[in-house]
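User: I am a first-year student and would like a close look at one part of this protein. Please take one helix as the starting point and then follow the connections outward from there.

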Amino acid sequence: MIRLGILGGGQLGRMMALAAAPLGVKCHIFTPDVDSPAAQVTPIVTLADYDDQVALASFAASVDVITYEFENIPLASVRFLAALKPVYPSPETLAITQHRALEKNFINECGIDTVKWRGITLFAQLQALRQEWIGQDIILKTCQMGYDGKGQVKIPAACPDDEAERSWQELAKYIGGRPEFEGSLPPLIAEAVENFAAEASVMIARNAAGECQAYPMAENRHRNHVLAETIVPIRPELAPPALQDQAQHIAQTLAEKLDLVGILAVEMFLTQAGTILVNELAPRPHNSGHWSLDFCLTSQFEQTVRAVSGLPLGGVDILYPAGYDASNSQIIMQNLLGDDLDHWPHWLKHPLAKLHLYGKGGKMPGRKMGHVTRCEKI
Ligand code: ADP
Ligand code: MG
């Protein structure tokens, strides 16, 4: 029996542990959170801080292989664990994907396009960039710890200097109040705002033998910077088959260059000109892959367990209910954010919908409380 350690106790860890059970893989969750969604579904839990080396060492001793469901685990802790047991995806992959400047640099070095971007350490650099990119709206982002649009601020081209400085100060709060951060890596990046035609993603899994499986390209609709809905496969009017192939090829290139073992989410912008820009990477299951739990031969969670455990990968064909197929229907995953949770009984009455609730206590606005995936005629 394979014993899998999972760092992080959120809904991704919960769904991974549930997917591991049918493969006979026994999961051990490491989380600092009391009553985490993952700990509700598996009895083996270490409740400790991510930098507690005593707890990390005994966690490592109790498992065969370690993965994570959340990329903001301190890198030093992941490196500490990697000296004791295999950690997949590797600490090198995590280091790149934890830092937006390293990540964008890596993507560009693979010959893959992103929006224009620049590492920023000083307000004067931002001002100089505004001069250089005259007329260009900018998004300033913290390089680390951002998620669901947190740690980002938009600076329109027409914004006066004093307002730009206030936005700068606003973001400085996220980097410990030190706007003039010191260190070898920039704490912030400035990106050109892309007036994209659509957002999309490809999930790709790869195991240590180098076997790869790319999931169908998904269309993602965000509201307030948070994923609201995913449609699979992406509608051909947004991404014709050749572009879908190209997106999967990009994901495969990134997975191979990272020497990925595990799963990688590749978030993309589709430009008005019909090209692909990679937005960001996540080396773990991703919200835009949740549809695969109910409408795919192998879910992204099972696939992650297979990939990190050294097992063969599973097929990724979309499973349609009888009478439904790609020509007449689409798969729609909808997040239940905050108060959306109250509508969950409605979804149980829907004949082609599958409901997942995450067992979270606090129902805050915009918080991911669950999701529902349904098949619908076009
Ligand atoms: P995170 O998901 O970590 O919060 P992202 O960089 O993916 O950070 O940004 C969240 C969302 O904000 C994106 O999905 C997109 O809708 C929007 N966004 C981010 N960067 C840009 C950009 N350069 N141009 C246009 N929209 C952007
Ligand atoms: Mg994102």
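Analyst: Helix H1 is mostly covered, for 9 of its 10 residues are buried in this predicted model. The buried residues of H1 are Gln11, Leu12, Gly13, Arg14, Met15, Met16, Ala17, Ala19 and Ala20. Two of these residues, Gln11 and Met15, lead to other parts of the chain.

Gln11 belongs to helix H1, which comprises residues 11–20. Gln11 has a relative accessible area of 13%, and it therefore counts as buried, the limit being under 20%. When residues up to four places away in sequence are set aside, Gln11 touches Pro37, Glu69, Tyr358, Lys360 and Lys368. With Lys360, Gln11 also forms a polar contact between side chains, at 2.9 Å.

Tyr358, one of the residues that Gln11 touches, has a side chain that makes a polar contact of 2.6 Å with the side chain of His371. His371 is located in strand S17, residues 368–377. Its relative accessibility is 0%, so His371 counts as buried. Leaving aside neighbours within four places in sequence, His371 is in contact with Met15, a buried residue of H1. The other contacts of His371 include His290, Leu293, Met333, Gln334, Asn335, Leu336, Lys354, Leu355 and His356. From Trp347, His371 is separated by 24 residues in sequence and by 10.0 Å in space, C-alpha to C-alpha.

Met333, which His371 contacts, continues the path into strand S15, made up of residues 329–337. Met333 is buried because its relative accessibility is 0%. Apart from residues up to four places away in sequence, Met333 touches several residues, among them Leu227, Ala228, Glu229, Thr230, Asn287, His290 and Trp291. The residues touched by Met333 also include His371, Val372 and Thr373. In contrast to these contacts, the C-alpha atoms of Met333 and Ala60 are separated by 35 Å, and the two residues are 273 residues apart along the chain.

Strand S15 also holds Gln330. With a relative accessible area of 14%, Gln330 is buried. Not counting residues up to four places away in sequence, Gln330 touches Ile231, Val232, Arg235, Arg374, Cys375, Glu376 and Ile378.

Two other helices may be considered alongside H1. In helix H3, residues 75–82, the buried residues are Ser77, Val78 and Leu81. They cover an arc of only 100° around the axis, and therefore they lie on the same side of H3. The cover over these buried residues includes strand S1 (3–7), helix H2 (53–61), strand S4 (65–68) and helix H4 (91–97).

Helix H7 has Ala164, Ser167, Trp168, Leu171 and Ala172 as its buried residues. Their arc around the axis is only 145°, so they are on the same side of H7. An α-helix has 3.6 residues a turn, so residues three or four places apart point the same way. The elements that cover the buried residues of H7 include strand S5 (117–120), helix H6 (123–132), strand S6 (138–142), strand S7 (152–155) and strand S8 (188–192). The span of H7 can also be checked. Its 12 residues, 161–172, should span 16 Å at 1.5 Å a residue, and the end C-alpha atoms are 16 Å apart, which agrees.

The ligands complete the picture. The magnesium ion, ligand 2, has Glu267 (OE) and Glu280 (OE) as its protein donors, at 2.0 to 2.3 Å. Glu267 lies in strand S13 (residues 262–270) and Glu280 lies in strand S14 (residues 276–282), so this pair ties together parts that are 13 residues apart in sequence. Glu267 has a relative accessible area of 15% and is therefore buried, whereas Glu280, at 23% relative accessibility, counts as partly exposed.

Both donors also have a place in the account of ligand 1. A polar side-chain atom of Glu267 lies 3.1 Å from an oxygen atom of ligand 1. Glu280 is among the residues that come nearest to ligand 1, together with Lys141, Gly149, Glu199 and Asn279, out of the 20 residues around it. Backbone atoms take part as well: a polar backbone atom of Asp148 is 2.9 Å from an oxygen atom of ligand 1, and a polar backbone atom of Ala192 is 3.0 Å from a nitrogen atom of ligand 1.

Key
Residues are numbered from 1 along each chain as its sequence is written. Chains are lettered from A and ligands numbered from 1 in the order in which they are written. This is a predicted model: local features need pLDDT of at least 70, side-chain atom pairs count only at pLDDT 80 or more; totals for chains, interfaces and linings use all residues. Side-chain values use heavy atoms; hydrogens and water are left out. Donors are N, O and S atoms within 2.8 Å of the metal (3.2 Å for Na, K and Ca); water is not among the atoms, so sites may look incomplete. Helices (H or I, at least four residues) and strands (E, at least two) are DSSP runs, numbered from the N terminus. Buried means under 20% relative accessible area, exposed over 50%, partly exposed in between (1.4 Å probe, protein chains only). The expected span of a helix is 1.5 Å times one less than its number of residues. The arc is that of the directions from the helix axis to the C-beta atoms. Contact means heavy atoms within 4.5 Å. A polar contact is a pair of N or O atoms within 3.5 Å; within protein, one must be able to donate a hydrogen and the other to accept it, and residues adjacent in sequence count only if both atoms are side-chain atoms. A residue is near a molecule or strand if one of its heavy atoms lies within 4 Å of it.
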